[in-house]
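Me: I have a structure open here. Can you walk me through it?
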Amino acid sequence: MDMSSHPLLASLDEPPPFPPSYPQLRRLDRSVVCQICKEPFQAPVSIQCGHSFCSACIRSSLDAMKKCPSCNEPASEGHIRRNRALEEITDSWEESRPVIHGLAHPPTSKKRPAPEPSSKPASSTGVKRMKQSPRAEGSSSRSQSPTKSRKSDIVESDIPIDLDEDENDEVLELTENDEAPCPLCQASLPISSIPMHIEKGCPPPKGKTNGMRKGNQKADWKKVFSGQGTSSKAKEVEMKRITKPNYSLATPADLRGLLSEYSLSTTGDKSALVARVQEWIILFNSNLDTSHPSSLSALRAKMSDVEASKKRDKEKGKDEMINQMASTSGLRKYAKESGGEFERLKREIIERDKRRKEEEEGKGSGRDNAIEVE
Amino acid sequence: MAGLAPKRLMKELTEIQSKGTPEGIVLLSADDMKEWVFLISVLGEETIYKGETFALRMRFGNRYPIEVPEVTFLATEQYQPPLHPHVYSNGHICASILGTEWSPVLNAVAICITMQSMLASNKKKERPEGNDRYVRTAPSNPKLTRWHYDDDTV
């Protein structure tokens with residue numbers, strides 16, 4: 001078939017690849033990609049054998065089989081370790097990629113082409129990240145950990161140099177507890193709380209920002225197991241890895257309790273509850289493996305997305321469809337039916353793109369608080 | 001954009017578009033992110049399938065690539081499944097990569113290559129033992145069959 005005009009590809013927002021004349025850059029580009037989802041690592045973790053994947057990817061995979069997807073070595077969730085260096089590498093590569101891509105085009109001289117003043121690469125930093133945490137351009141590069149500022153000297157080539165920010169060595173010595181001015185409102189805050197502060201839309205500092213998330217664990221669990229604590233009541237959620245329940249021993253009430261603790265739907269039979277708990281544990285635990293976690297409500301939105309698509313799958317009655325495919329009239333019918341589905345997918349993608357654009361412009365004004373980790 | 005599958009498949013499609021498929025493997029249709037059909041032929045003079053082309057259908061669930069896609073050879077008027085000791089006449093395939101040996105780092109093209117080499121290494125055209133019995137009772141989805149992988153030679 002002619003792939004050049006494939007309708008499904010038209011809307012794909014892939015960053016442009018590096019030209020073949022730069023095999024090193026292509027290799028670098030590939031090396032920060034998770035082999036399961038084939039996307040740049042998100043919350044990368046390593047397992048025993050040394051292979052790394054997105055936290056959510058390997059957690060789902062280990063739910064299905066207890067071995068490394070790359071080398072077949074036995075593996076289990078207990079082996080998962082957060083890979084902070086890889087996250088930093090992925091993030092900084094994502095951020096510098098547009099810059100380097102700009103420099104690599106056109107491939108005139110291989111050795112350090114002079115930075116062109118006209119290039120405007122920083123505009124599309126990290127397509128993937130943008131979607132996850134739609135922050136303003138300026139904030140996204142600074143709202144992360146303090147070591148990040150090293151990257152600024154790459155970007156600086158086309159930005160009027162800001163001397164205050166450029167003193168790399170000094171910045172690197174700061175610890176998370178030191179105070180620094182917020183890059184947006186200049187209010188002085190502990191560095192570790194600046195990302196949160198920006199997410200909240202720069203409210204004036206209140207004095208005490210940390211240490212209010214302790215919660216009474218014992219009471220929480222009591223609530224969980226007595227099956228009370230319905231929905232919205234459980235606001236203060238402990239940001240701690242969820243331990244997997246023993247699904248064969250857990251009663252539906254146990255599962256419902258766990259779900260309601262995180263304000264999730266508690267409908268359905270046991271298998272539906274188990275599936276939901278499993279899905280949530282993957283989302284929630286992998287969200288703790290990153291230094292830019294999503295908000296709880298973003299996680300919940302992701303959950304309902306997954307559930308909706310599962311429902312669609314089920315309702316379709318897969319086996320029925322296969323029988324249908326056996327006859328030519330059935331085939332024709334299928335083509336007709338899936339034509340609509342295809343249209344729907346297309347529409348979804350177009351709408352998603354539109355939404356994303358709006359989000360980028362509107363800087364996600366009404367965003368919830370991000371989860372605070374460590 | 002629910003789940004991993006559509007995005008991942010989109011990536012694979014882009015890669016096929018930019019790099020093409022290996023020789024002897026052609027993407028016949030990929031109209032959506034649920035079902036793709038590849039055409040597979042075995043290259044070289046040695047093969048017993050010289051001049052034959054088979055259609056391999058893959059169905060991707062929402063949990064792809066964590067879960068293996070459902071893979072069968074098409075058995076239609078136009079395409080017949082290959083005569084092979086691991087391929088039943090209804091198109092079902094007994095191959096460990098489609099069962100216990102599946103890994104989420106694999107992709108659609110990797111499955112095609114495996115199938116191609118499975119055919120290439122075969123020396124005699126025959127159906128698996130108990131083909132008729134299996135085909136009579138087989139579920140329409142081969143993933144529901146419990147397979148035994150015991151023969152590593154072909």
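**Contacts and core**

Me: Start with B:Leu56. Which residues is it in contact with, leaving aside neighbours within four places in sequence?
Reply: This is a predicted model. In it, B:Leu56 touches B:Val37, B:Phe38 and B:Ile40. B:Leu56 is also in contact with B:Val71, B:Phe73, B:Cys112 and B:Met115.

Me: And the largest nonpolar core, how many residues has it?
Reply: The core has 66 residues. B:Leu56 is among those with the most contacts inside it, along with A:Cys54, A:Cys57, A:Ile58 and B:Cys112.

Me: Which element gives the largest share of this core?
Reply: That is α12(A), with seven residues.

Me: Where does the core lie relative to the domains of chain A?
Reply: Between domain 1 (23-134) and domain 2 (216-305), because both give residues to it.

Me: Back to α12(A). At what angle do the axes of α3 and α12 of chain A cross?
Reply: Roughly 145 degrees, and the axes come within 8 Å. Helix α3 covers residues 55-64, and α12 covers residues 270-287. The crossing is right-handed.

Me: Which residues meet there?
Reply: From α3(A), they are A:Ser55, A:Ala56, A:Arg59, A:Ser60 and A:Asp63. From α12(A), they are A:Gln278, A:Ile282, A:Leu283, A:Asn285 and A:Ser286. By class, this contact has three nonpolar, five polar and two charged residues.

Me: New topic. What does the secondary structure of chain A come to?
Reply: It comes to 15 helices and five strands.

Me: How much of chain A is buried?
Reply: Buried residues make up 22% of its 374 residues.

How values were computed:
Residues are numbered from 1 along each chain as its sequence is written. Chains are lettered from A and ligands numbered from 1 in the order in which they are written. This is a predicted model: local features need pLDDT of at least 70, side-chain atom pairs count only at pLDDT 80 or more; totals for chains, interfaces and linings use all residues. Axes are lines fitted to C-alpha atoms, for helices over the stretch in contact, and angles run from 0 to 180 degrees between N-to-C directions. Helices (H or I, at least four residues) and strands (E, at least two) are DSSP runs, numbered from the N terminus. A crossing is left-handed if the near helix is turned anticlockwise from the far one by less than a right angle, and right-handed if clockwise. Two residues are in contact if their C-beta atoms, placed from the backbone, lie within 7 Å. Ala, Val, Leu, Ile, Met, Phe, Trp, Tyr, Cys and Pro count as nonpolar, Asp, Glu, Lys and Arg as charged, and the others, Gly among them, as polar. A nonpolar core is a set of buried Ala, Val, Leu, Ile, Met, Phe, Trp, Tyr and Cys residues joined through C-beta atoms within 7 Å. A residue is buried if 20 or more other C-beta atoms lie within 10 Å of its own, exposed if 12 or fewer, and partly exposed in between; C-beta atoms are placed from the backbone. Domain bounds come from an automatic or database domain assignment.
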